[in-house]
Amino acid sequence: MTRGLTSTIALAGLFILVGIDIWVTPPNPYQSPPLVAFGSGFSASGGFCGNLLNEISTTVPGQ
Amino acid sequence: MRILRVPSADFMMRMVLFRIALILTALILVVLVSLFSGVRFGIMLLAGFGFGVVLEGLRFGFAGPWRAMILHREPAGILAQLLAIGLVACVAIPMLAAHPTELSGAQAPIGWAMIGGAFVFGAAMQIILGCGSGTLVNAGSGNPVSLVALPFFALGSFAGAYHIFWWTDLGTLPIITLKGGTGLVATLIGLIVTAGIFFMLGKKGSRGLPRRYIIAAILIAVLAICNLLVAGQPWGVVYGLGLWAAKGAVMLGFDISSSIFWAASSSVGRLNSSVLTDYTSLTNIGMVIGAVGVSVWRNRDLSQPVPSYPLRTWFAVIVAGLALGYASRLAFGCNVGAFFSGISTGSLHGWVWFIAAFMGAFLGIRIRFFVGLEPS
């Protein structure tokens, strides 16, 4: 077995994951945000591993 | 006598065409994501490709340099990491101060679970010799250890987020951020002092920064700044992996509504949206594909045989993968989200993360020998 096989498995796994996700939750290009967040006037809203406490505290009462 | 084989003109031409096809494939993927999700998300995928290409192409990483420092007193890799962080900080900290609504840093509180999580992450990343970004890039380049660890990393990240509030209830400080001009100066002084300590501890003759490290540090810094400006948030890894596992759990019919984190409206919103609209997912996907691309481009890496390991090694890899994911959620990020992005956006937790994870790395290196991932 070569690294070519393991690399192919990684790539295939990734495409399967994305494929299933597109099937279950298809993206909607008409809801896309402005090109760049900087200068857009909109608040940053993406998920991030470091800011979950702030995020939850504004969305879950009592937290 | 060694005979040098000169590639034929036909072979060279085929390689050039093959490489052009690789670049075109990457660009087509970016265009498809731009068309079906939005141009911003296409740019984020492109940034992910960039991270993958730089990390794999220039052999730049986090776990390896820490190991080189601990085992061989070679500080070059860590010095390059600190250089990249400093470059990002010079742009990110003033921009965050000027645009606090549109841009958010990697700010998180210091706490018991955060420190413990960083320590465990530092140990686990030495066991599999791959951190958050490293596991993705290594899996893409055909490393079987990272390939096995990656799905468990995702499961661990999902579980860590599931339990996060139990852990944070053990005690956390308020978020402490180094802001504005003073914050930038304090961050740069911290980075210079840290670099000085590693330089002094380093072995004579191995303290200099190789050119590839300098180039990699600059390119990673440029990509990280792009990430911040385009997405409005810093470069991260772990959130995306946890989201993939959470989506899988929901699809398989698991009820995750008992988790405060995953039941929050913001999380539910992301669970019901495409991963092609999640910034960390896109850069993660891009990193794997970018690493695959570099390996294919080199035309020799992928023909290398995969090493075989005993069963106990694979068991250790699975446990380390789970620990990487779980611990990084408690630590509010991995080497990318907490160490790199935390420090470069002025969060004090990034510094504490670095100290705790570096201490954990000493333990991880010993465990790596013990579980058969290293010749004794």
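## B:Ser274 and the contact between chains A and B

B:Ser274 touches A:Asp21, A:Ile22, A:Thr25, A:Pro26, A:Pro27 and B:Ser37, leaving aside residues up to four places away in sequence. This is a predicted model. Its scores are ipTM 0.88 and pTM 0.93. For chain B the average pLDDT is 93, and 98% of the residues score at least 70.

**The loop residue.** B:Ser274 sits in the loop that joins helix H13 (265-271) to helix H14 (279-298) of chain B. Is B:Ser274 buried or exposed? It is buried, because 21 other C-beta atoms lie within 10 Å, and the cut-off for buried is 20 or more. B:Trp112 gives a reference point elsewhere in chain B: 162 residues separate it from B:Ser274 in sequence, and the C-alpha to C-alpha distance is 34 Å.

**The interface.** The contacts of B:Ser274 with chain A, A:Asp21 and A:Pro27 among them, lead on to the wider interface. There, 67 residues of chain B are in contact with 44 residues of chain A. On the chain B side, the residues divide by class into 33 nonpolar, 27 polar and 7 charged. Chain A itself has 63 residues, and buried ones make up 27% of them. Its secondary structure consists of 2 helices and 0 strands.

**A helix in the open.** Helix H1 of chain B covers residues 9-36. Does its length fit, and where does it lie? The 28 residues of H1(B), at 1.5 Å each, should span 40 Å; the end C-alpha atoms are 41 Å apart, so the two values agree. The number buried is 2 of the 28, so H1(B) lies largely in the open. After H1(B) comes B:Gly38, with a positive phi near 140°. B:Ser37, in the same part of chain B, is one of the residues that B:Ser274 touches.

**A helix pair.** Helix H7 (residues 144-162) and helix H15 (residues 311-330), both of chain B, cross at roughly 35°, and their axes come within 6 Å. What is the handedness of the crossing of H7(B) and H15(B)? It is right-handed. The residues of this contact comprise 19 nonpolar, 6 polar and 1 charged.

The class counts for the two contacts are set out here.

| Contact | Nonpolar | Polar | Charged |
|---|---|---|---|
| Chain B side touching chain A | 33 residues | 27 residues | 7 residues |
| H7(B) with H15(B) | 19 residues | 6 residues | 1 residue |

Methods. Residues numbered from 1 in each chain as written. Chains lettered and ligands numbered in written order. Predicted model: local features only at pLDDT ≥ 70, side-chain atom pairs only at ≥ 80, totals over all residues. pLDDT = per-residue confidence, 0-100. Contact = placed C-beta atoms within 7 Å. Nonpolar A, V, L, I, M, F, W, Y, C, P; charged D, E, K, R; others polar. Helix = DSSP H or I, 4+ residues; strand = E, 2+ residues; numbered from the N terminus. Expected span 1.5 Å × (residues − 1). Buried ≥ 20, exposed ≤ 12 C-beta atoms within 10 Å, placed from the backbone. Axes fitted to C-alpha atoms, helices over the stretch in contact; angles between N-to-C directions. Left-handed = near helix turned anticlockwise from the far one by under 90°.
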